[in-house]
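Okay, thanks everyone for coming. I'd like to take a few minutes on how the chains in this one meet each other.

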4 protein chains.
Amino acid sequence: MKKVKVGIIGVGRLGYEHACNLATRVPQTELVAICDGNEARAKEVAEELEVPAVYSDPKALCEDPNVEAVVIVTNTASHPEMIKIAMEAGKHVLCEKPLADTVEKCLEVEKVVAAHPELVFMLGFMRRFDKSYRVAKQKIDNGDIGDVILVRCYSQDPRAIIEGTLAFAPKSGGQFIDMCIHDIDLIRWLTASEPKSLWAIGGCYEFKQYKDWDDGDNVSCLMQCENDAMAFLFAGRAAAHGSHVETEIIGTKGTLRIASTPADSMVEVMSEHGVCRECFQDFLTRWHDAYVTEAEVFADHVLNNTAATPNVFDGTKSTNIAYKCKESFLSGEKITL
Amino acid sequence: MKKVKVGIIGVGRLGYEHACNLATRVPQTELVAICDGNEARAKEVAEELEVPAVYSDPKALCEDPNVEAVVIVTNTASHPEMIKIAMEAGKHVLCEKPLADTVEKCLEVEKVVAAHPELVFMLGFMRRFDKSYRVAKQKIDNGDIGDVILVRCYSQDPRAIIEGTLAFAPKSGGQFIDMCIHDIDLIRWLTASEPKSLWAIGGCYEFKQYKDWDDGDNVSCLMQCENDAMAFLFAGRAAAHGSHVETEIIGTKGTLRIASTPADSMVEVMSEHGVCRECFQDFLTRWHDAYVTEAEVFADHVLNNTAATPNVFDGTKSTNIAYKCKESFLSGEKITL
Amino acid sequence: MKKVKVGIIGVGRLGYEHACNLATRVPQTELVAICDGNEARAKEVAEELEVPAVYSDPKALCEDPNVEAVVIVTNTASHPEMIKIAMEAGKHVLCEKPLADTVEKCLEVEKVVAAHPELVFMLGFMRRFDKSYRVAKQKIDNGDIGDVILVRCYSQDPRAIIEGTLAFAPKSGGQFIDMCIHDIDLIRWLTASEPKSLWAIGGCYEFKQYKDWDDGDNVSCLMQCENDAMAFLFAGRAAAHGSHVETEIIGTKGTLRIASTPADSMVEVMSEHGVCRECFQDFLTRWHDAYVTEAEVFADHVLNNTAATPNVFDGTKSTNIAYKCKESFLSGEKITL
Amino acid sequence: MKKVKVGIIGVGRLGYEHACNLATRVPQTELVAICDGNEARAKEVAEELEVPAVYSDPKALCEDPNVEAVVIVTNTASHPEMIKIAMEAGKHVLCEKPLADTVEKCLEVEKVVAAHPELVFMLGFMRRFDKSYRVAKQKIDNGDIGDVILVRCYSQDPRAIIEGTLAFAPKSGGQFIDMCIHDIDLIRWLTASEPKSLWAIGGCYEFKQYKDWDDGDNVSCLMQCENDAMAFLFAGRAAAHGSHVETEIIGTKGTLRIASTPADSMVEVMSEHGVCRECFQDFLTRWHDAYVTEAEVFADHVLNNTAATPNVFDGTKSTNIAYKCKESFLSGEKITL
């Protein structure tokens, strides 16, 4: 069992999760280097996970000859530069979503990736690797539900975590770029088509601060794809019950609904509140296994030297659509792509 | 559309429900007479429902020539006498469960019924007339689940209504006679067999008063039927979430579960308690439609002069089994029937 | 208990359901007259329900002095004339939805209703009277879910009944007028606001015939209301599992979902297909109780001489919005109301 | 991060799962030695998992100075000898359930364990480590549901795998020893009490072969514990829908139900069969995470030198109760413990 030697750049909350997976839960990987702007943090994680090399400069990590592949979990704006450094140093790359904070930068990344056809590049839309989504996708590909008529996507964050969300919001890119981009990727993947027109709306229903950022705390968008499939997405920040990501695919012969009530465990509680299932309270719990599978798939591509998806074009396209959503949201007008 | 002219004896809480059904919701019946020991109550209901005749003496009601059928909703101990009065006056009878408060009295009722083969006698085990139970029974009879292996029955009352329950408890006959008898009837009906051995246990887990009445607030019983089908029943008085009657039939080819979460409506509530469905809060809401259907079926039997089930033997057998449960509960020993 | 003496115009499939309810299931009504263009049909139903008067001419029924209120269940195009005849004859009116087949005619009906302030006029959007919808509306009015952010509405018909649907489709007015109008009414009712902009899309995914009628077999629409609440509706004709009407209201403090899996009974079936709940197979079964409650509420308004909702303006507004949806669907453009 | 160096004895189907976990999914363990009677199999797994030492003789593995702890996944009858060899060689032990195939042998193991107080001994009742069971146990310990009234346990195997089950059945010890012992352990754990009386019944409903082994294909047992808590368990081999392990704990203040419909993923499928969730099809998928957590907990005990549960007494007690169940099943009589 050959293992891929991986270095990680960025060990914040999500980066730490990736680091733990790469070091201890993914059989095909060995975590050999950690880089973080906060060097103390990098050292702490390295010690905990027994990782030999620690860096505060991404370039230094990428030049480490022991590193074969780099996992990038830095802020969105820095993704293009990190990808460039890593690939020019000859490293395979798994980069967190979104690809970049502008479409222009996405196109630049496309060039970098194109210049290194011998290297694996994969974008971290982890939902595609969640068991339930894989089951659904396979049923669609099997023809079990016929042609796709409508994809409905919900991405709701628990209001319990709103303070952290608000702190992060100004530099997040906003609901469409930061949150809806997951659903945009799902819509492209599940319909196997591209949106041709869309209309996005929303508002500040509970957290008025979003107005200052030209954003809404709850937004939605209706799209129609080139193959006529329809898609509706809703993203919200005020879910009382928890982290609720739900996706439904209505087809001409059947319907699939993923995580109608995204329960944190198989326990039903019967109490004075009725018969209740408790929801996930944070996204890391919800997607824990998906992140592990994502890293496994990435490592397999590196080991087998095969092309990975989601790829760089998935990154550009989803970013472009997210910006079109935002444009529509701001102008109030329907947009043709 | 010929209508059956019905008189009712007893218009307490459940009797009033029956009276409303007979007067306004059952197309095949006309409520023409009301009798209640509390004559003022009888008058009040008669006025509300525009019923012409009011009595305080059951005999008088039964002698009313306008009355064709009598619905008996008095206390259990009086059922045999009421049945006798009614049938000897030539009236068809629908009697609330249980048939009587002792097996001996049940056997006497059997004689009364046998003496009037021209009259319809039906016992009010209303669960058999609930849509979900009818659907399940039909699937079993269709062979959809193969042979019955196990019937599991829950009858749980909401703790919110415990005060009323406790007030009624001393003269109710106890959990087995008053409450489990419904499940005993279901077990006999769904397995199409009779228990051959049983063991009942229980205790006073929350409401210690039951000890004074040689009873438990929560009891259960395991049975095996002559055809080897197993049955488990549980009756409780402390359900925090509401009125929870659930029945499962496990077969060799499939399983049916009725009212796993007996929801009062189709509304799911997502809140800080999770994703919740609210339960029925009382048995009259749960079984409203079943009581209407029961009266419709009874009226059809009268109009078509056909034999009704549950019949008098169902009454005797379920009462006998309920007493055997109680005997086992008190002695701690397994009992062979 | 005073009863309202009701005459019904139209006893086709849905009219027959109403007739049975008025004659046998609604305590406050007495069905005294039936009119149908097909006189033999009218006679047949009258005989079955023991209704004394039979007509083939609506005017004749409305002139019957024994009739106090008229229930109109004729084709949509004839509603305005029927309402006029009935109200000018001094009768209270319960009219099936939609109010009329054009907005202009709706406005004429408004005048007729305005001219008879002493008479009750009620429009038959029966979903408002379904128990689950009433529970949800009450929770919203209680403030349980805070402010409404999004209303999501599904109206899916079983593909099993498509032949009947297709036969009726050409004169139905199309998905938006015939089917979505229910959801439009719900959106107005649940948000307590009016749409200010909308975009409708769709296509012919399974039944290409709809193209000939400038319609889609599956359509959807995104709306934003004056109070910023968002609404999404989807209407489809190809649901493999049955009649699936689902409504979700996402609020700032909680979410309500009505009929996530609209199960025909409380039975779960465990088989080689998994753990399954069977859906309603037709709308009359789904809405049976709602139609009864609707008639009860109407009768109460007549008896108490109070103003009913949904009223004539609800009819005009929902029709207007439905036509705007259709306009958007045909033009592909967003519409501002 | 110190890692426990583990050797495994037995790499059949379940042993292989454990080996993969120890080698690749449990951060605190390193798999350093594999032993299997089938040496070729041992070598194959060792190669796949890059394990340096391979043995066919358990003694040899236990004498390997590199091995700190031994995981035993051999047939039940051999457990006592394996435990003895390992502990006398100074190794910590995690042994698969059941502890032994007779109560006498369990008592001998108790002596072995008692002779080595410095070593960790843990018994592999993995259900205790499943997330849902841990959540439930914690709620009980928190007092969320008050006192335990009833524990209901289902262990149903899919009929799809019956051939393998039948092949293994003659040497499995039978339903009570092999299958129900999981539920017996859960009952003891969840009620924090010991059964004082029980009655077990069952039969051969679908697979008549079990009669030859003095066993049933479907069996059940009712128990009462010393603290009066009741318990009902059912074990079956004919579940059409899959691997269905469900546990419910009814308390005086609330109820917990674990895996009412044990769904393999979060996907609901709407088709002509209704609204369906697909069940787990095998126990390894259902309990995958529980096995990982079990090994993590074991390793933590070794690293921290703390006492583990389930311990050797849990093994003896559950085995004893399982044999009492079998005795009751065979005699038809209630048994007092």
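I'll go through two interfaces, one after the other.

Just so we're clear up front, this is a predicted model.

Let's start with chain C against chain A. That contact draws on 40 residues from chain C and 40 residues from chain A. Put together, the two chains bury about 3,300 Å², and 61% of that sits on carbon and sulfur atoms. If you want to know who is doing the burying on the chain C side, look at C:Trp199, C:Tyr205 and C:Leu222: they supply 20% of the area chain C buries against chain A, more than any other three residues.

There's charge in there too. The rule picks out 6 salt bridges across the interface of chain C and chain A. One to zoom in on is A:Glu246 with C:Arg257, where the closest N and O atoms are 2.6 Å apart. We also get 18 residue pairs in polar contact across the interface of chain C and chain A.

So which elements of chain C give two or more residues to the side that touches chain A? Those are strand 7, strand 8, strand 9, strand 10 and strand 11 of chain C. Strand 9 of chain C has the largest share, with 7 residues. By class, that side of chain C comes out at 19 nonpolar, 11 polar and 10 charged residues.

Okay, on to chain D and chain C. Lay chain D on chain C and you get an RMSD of 0.0 Å, with a turn of 180° and a shift of 0.0 Å along the axis. That's the relation of a two-fold axis. Within chain D, D:Cys276 has the C-alpha nearest the axis, 2.0 Å from it. And the same surface serves both copies, with 100% of the contact residues of chain D recurring in chain C.

Here the contact takes 14 residues from chain D and 14 residues from chain C. The buried area is about 1,300 Å², with carbon and sulfur atoms giving 69%. In chain D, the residues losing the most area to chain C are D:His241, D:His273 and D:Val275, together 38% of what that side buries.

How many salt bridges does the rule find across the interface of chain D and chain C? It finds 0. For polar contacts, we have 3 residue pairs across the interface of chain D and chain C. Strand 14 of chain D gives the most to its side, 5 residues.

Last thing: strand 14 of chain C and strand 14 of chain D run antiparallel, joined by 3 bridges. There, C:Arg277 stands opposite D:Val275.

How values were computed. Residues numbered from 1 in each chain as written. Chains lettered and ligands numbered in written order. Predicted model: local features only at pLDDT ≥ 70, side-chain atom pairs only at ≥ 80, totals over all residues. Heavy atoms only, no water. Contact = heavy atoms within 4.5 Å. Buried area = accessible area lost by both parts, 1.4 Å probe. Salt bridge = Lys/Arg side-chain N within 4 Å of Asp/Glu carboxyl O. Polar contact = N/O pair within 3.5 Å; in protein donor to acceptor, adjacent residues only side chain to side chain. Helix = DSSP H or I, 4+ residues; strand = E, 2+ residues; numbered from the N terminus. Nonpolar A, V, L, I, M, F, W, Y, C, P; charged D, E, K, R; others polar. Least-squares fit on C-alpha atoms with pLDDT ≥ 70 in both. Pairing = 2+ DSSP bridges.
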